[in-house]
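Here is a short guided tour for the bench. Please keep the sequence and the model open beside the text as you read.

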Amino acid sequence: MKKLIILLSIITTFSCLKAQNNNEDDKKITTTTYYIVRHAEKDNKPANNPKLLPEGKLRALNYAKYFKNIKLDAIYSTNFTRTKNTALPTAKSKNLKTIIYNAFEIDYNKFKDETKGKTIFIVGHSNTISDFANNIIGTKEYNEIDETVYNNMYIVTITDKKINHQLKTID
């Protein structure tokens, strides 16, 4: 009988510890961060899919420097030469493959679920990046940027259900 009581005590103790650990797992804070930029300076030719200008290549290199001490989990780009080449130096420096997305067909809720708890770099276009940020934060905070603007970076951080966002100028 004494052995049975000891055995039941041990089982009860382990059950309580397991329940306590499960509760602690439920309390873990999850932070997701999105860095959203427009592609770097582009050439005018060819009109439908131009390459980067020398200053655009420099900006792309500067993004890699910007992210040098920031752990990135993934890099997303639309399927255009200018966006992929903007993402390329950062992808190489982080040893990440750039994931191609369609800015007009993205399911933002699914995207947020799939990237929850991660740090993501996203490259888009003047007519898509403000909308991307707005969809992530859930409100229309940012307007479409002018075709001449290349240095905006939207930073959106979601910690559990709290959303912080800012628009930085990166030169």
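In what order do the elements of the protein chain run from the N terminus on? They run α-β-α-β-α-β-α-β-α-β-β, with 5 helices and 6 strands in the chain. Helices (H or I, at least four residues) and strands (E, at least two) are DSSP runs, numbered from the N terminus.

This is a predicted model, in which local features need pLDDT of at least 70, side-chain atom pairs count only at pLDDT 80 or more, and totals for chains, interfaces and linings use all residues. Residues are numbered from 1 along each chain as its sequence is written, and side-chain values use heavy atoms, with hydrogens and water left out.

**Confidence and overall build**

The pLDDT, the predictor's confidence in each residue from 0 to 100, has a mean of 89 for the protein chain, and 84% of the residues reach 70 or more. Over residues 4-9, however, the pLDDT is below 50, and this stretch has 0 contacts in the model beyond near neighbours in sequence. A contact means heavy atoms within 4.5 Å. Among contacts in the chain between residues at least 6 apart in sequence, 64% join residues at least 24 apart.

Of the 171 residues in the protein chain, 39% are buried. Buried means under 20% relative accessible area, exposed over 50%, and partly exposed in between (1.4 Å probe, protein chains only).

**Helix H5 and Phe132**

Now turn to helix H5, residues 129-137. This helix is largely enclosed by the rest of the structure, because 7 of its 9 residues are buried. They are Ile129, Ser130, Phe132, Ala133, Asn134, Ile136 and Ile137. The cover over these buried residues includes strands E1 (31-38), E4 (119-124), E5 (152-159) and E6 (162-169), along with helix H4 (108-114). After H5 comes Gly138, with a positive phi near 90 degrees.

Phe132, in helix H5, has a relative accessible area of 1% and so counts as buried. Leaving out residues up to four places away in sequence, Phe132 touches Ile36, Tyr101, Ile106, Tyr108, Phe111 and Ile122. Ile36 is 96 residues from Phe132 in sequence, yet their C-alpha atoms are 7.8 Å apart in space.

**Backbone features in the loops**

Most residues other than glycine have a negative phi, and most peptide bonds are trans. Two non-glycine residues with positive phi are set out here.

| Residue | Phi | Loop | Relative accessibility |
|---|---|---|---|
| Asn95 | near 55 degrees | between H3 (81-94) and E3 (98-100) | 72%, exposed |
| Asp160 | near 55 degrees | between E5 and E6 | 42%, partly exposed |

There is also a cis peptide bond between Lys45 and Pro46, with omega about -10 degrees. Pro46 lies in the loop between E1 and helix H2 (54-66).

**The largest pocket**

Which residues line the largest pocket? They are Thr30, Thr32, Tyr34, Lys112, Asp113, Lys116, Ile158, Asp160, Lys161 and Ile163. E1 and H4 are the elements that give two or more residues to this lining. On a 1 Å grid over the protein atoms alone, a pocket is an open set of points where a 1.4 Å probe fits, with protein on both sides within 12 Å along at least five of seven lines; lining residues have an atom within 4 Å of a point. By class, the lining has 3 nonpolar, 2 polar and 5 charged residues; Ala, Val, Leu, Ile, Met, Phe, Trp, Tyr, Cys and Pro count as nonpolar, Asp, Glu, Lys and Arg as charged, and the others, Gly among them, as polar.
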